[in-house]
Amino acid sequence: MKDLIVLLLRVYFILTHQPSIAAESSCDQVQFIDRRGWNAKEPVSITNLTSLPLSFYVIHHTYQPPNCYDDESCQKRVQDIQDMHQITNGWDDIGYHFLVGENGKVYEGRGWSRQGAHSPGWNNDAFG
């Protein structure tokens, strides 16, 4: 869990801060997989965020489906989460903006510009 939080904080830092000097770190190696890359289903509908940047970040941890450690199983895990959110929960799409696999890759869920469905009351104010 601690490793996941550290990785998410690193991703946040990379995306929100421009270094004043050219430096390279292991964070530079983070790979982002877009929705096409994990074969996402189309959302039922889309609600765009109305005000950016957002002030809050909500970090979720899931135990189902099981952990993944390679590209194929992580892609399947993200697809299973999308199915759970759309079919079981009745949401328009996967609820999260981004997901981090145990393979170290970041998977695009709803992305930066769409409202999430991960934290009732905070979905228009927080990335999750």
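# Worked exercises on a predicted model

Gln86 is a residue of helix α2, and the structure examined in these exercises is a predicted model.

**Exercise 1. Decide whether Gln86 is buried or exposed, and list its contacts beyond four places in sequence.**

Solution. The relative accessibility of Gln86 is 14%. Because buried means under 20% relative accessible area, Gln86 counts as buried. Leaving aside neighbours within four places in sequence, Gln86 is in contact with Lys41, Glu42, Pro43 and Val44, and also with Trp91, Asp92, Asp93 and Ile94.

**Exercise 2. Describe the order of helices and strands in the protein chain, and then its burial and exposed surface.**

Solution. The protein chain has two helices and five strands, and read along the sequence these follow the pattern α-β-β-α-β-β-β. Of the 128 residues in the protein chain, 33% are buried. The exposed surface comes to about 8,200 Å², of which carbon and sulfur atoms supply 53%. For contacts between residues at least 6 apart in sequence, 58% join residues at least 24 apart.

**Exercise 3. Identify the residues of the largest nonpolar core and the element that gives its largest share.**

Solution. The largest nonpolar core has 11 residues, namely Ile33, Trp38, Ala40, Cys68, Cys74, Val78, Ile81, Ile94, Tyr96, Leu99 and Tyr107. Its largest share, three residues, comes from helix α2, which spans residues 71–88. Two members of the core can then be followed in turn. Leu99, not counting residues up to four places away in sequence, touches Val78, Ile81, Ile94, Lys105, Val106, Tyr107 and Gly109. Ala40 lies in the loop between β1 and β2 and is buried, because its relative accessible area is 19% and the cut-off is under 20%. With residues up to four places away again not counted, Ala40 touches Arg35 and Gln82. The C-alpha atoms of Ala40 and Gln75 are 9.3 Å apart in space, although the two residues are 35 apart in sequence.

**Exercise 4. Find the backbone features of Asn39 and of the peptide bond from Leu52 to Pro53.**

Solution. Most residues other than glycine have a negative phi, and most peptide bonds are trans. Asn39, which is not a glycine, has a positive phi of about 60 degrees. Asn39 is placed in the loop between β1 and β2, and it is partly exposed, with a relative accessible area of 49%. The peptide bond from Leu52 to Pro53 is cis, its omega being near 0 degrees. Pro53 is found in the loop between β1 (32–33) and β2 (56–57).

**Exercise 5. Count the aromatic pairs and classify the geometry of the pair formed by Phe32 and Phe98.**

Solution. A pair of aromatic rings is described by the distance of the centres and the angle of the planes. The count comes to five aromatic pairs. In the pair of Phe32 and Phe98, the centres are 6.4 Å apart and the planes make an angle of 80 degrees. Because planes over 60 degrees apart count as edge-to-face, the pair is edge-to-face. The pair links distant parts of the chain, with Phe32 in strand β1 and Phe98 in strand β3 (residues 98–100), 66 residues apart. Phe32 is partly exposed, with a relative accessible area of 41%. Ring pairs also link Phe32, Tyr57, Phe98, Trp112 and Phe127 into a cluster.

**Exercise 6. State where Glu108 and Trp122 lie, and give a C-alpha separation for each.**

Solution. Glu108 is placed in strand β4 and is partly exposed, at a relative accessible area of 25%. The C-alpha atoms of Glu108 and Ile33 are separated by 6.0 Å, while the residues are 75 apart along the chain. Not counting residues up to four places away in sequence, Glu108 touches Ile33, Asp34, Arg35, Trp38, His97 and Phe98. Trp122 is found in the loop between β4 (106–108) and β5 (126–127), and at 42% relative accessibility it counts as partly exposed. Its C-alpha atom is separated by 9.0 Å from that of Val58, 64 residues apart along the chain.

**Exercise 7. Determine how many cavities of 30 Å³ or more the structure holds, and which residues line the largest cavity.**

Solution. Rolling a probe the size of a water molecule over the atoms shows where empty space is left. A search of the whole structure finds one cavity of 30 Å³ or more. The largest cavity has a volume of about 40 Å³, and its lining consists of Pro43, Ser45, Ile46, Thr47, Asp93, Arg110, Arg114 and Gln115.

Technical notes:
Residues are numbered from 1 along each chain as its sequence is written. This is a predicted model: local features need pLDDT of at least 70, side-chain atom pairs count only at pLDDT 80 or more; totals for chains, interfaces and linings use all residues. Side-chain values use heavy atoms; hydrogens and water are left out. Helices (H or I, at least four residues) and strands (E, at least two) are DSSP runs, numbered from the N terminus. Buried means under 20% relative accessible area, exposed over 50%, partly exposed in between (1.4 Å probe, protein chains only). A nonpolar core is a set of buried Ala, Val, Leu, Ile, Met, Phe, Trp, Tyr and Cys residues joined through side-chain atoms within 4.5 Å. Contact means heavy atoms within 4.5 Å. Rings of Phe, Tyr and Trp (its six-membered ring) pair if their centres lie within 6.5 Å; planes under 30 degrees apart count as stacked, over 60 as edge-to-face and the rest as tilted. Accessible areas come from the Shrake-Rupley method with a 1.4 Å probe; for residues, only the protein chains shown count as cover. On a 1 Å grid over the protein atoms alone, a cavity is a set of points where a 1.4 Å probe fits but cannot get out, and a pocket is an open set with protein on both sides within 12 Å along at least five of seven lines; lining residues have an atom within 4 Å of a point. Grid points are joined across faces, edges and corners, and a volume is the space filled by probe spheres set on the points.
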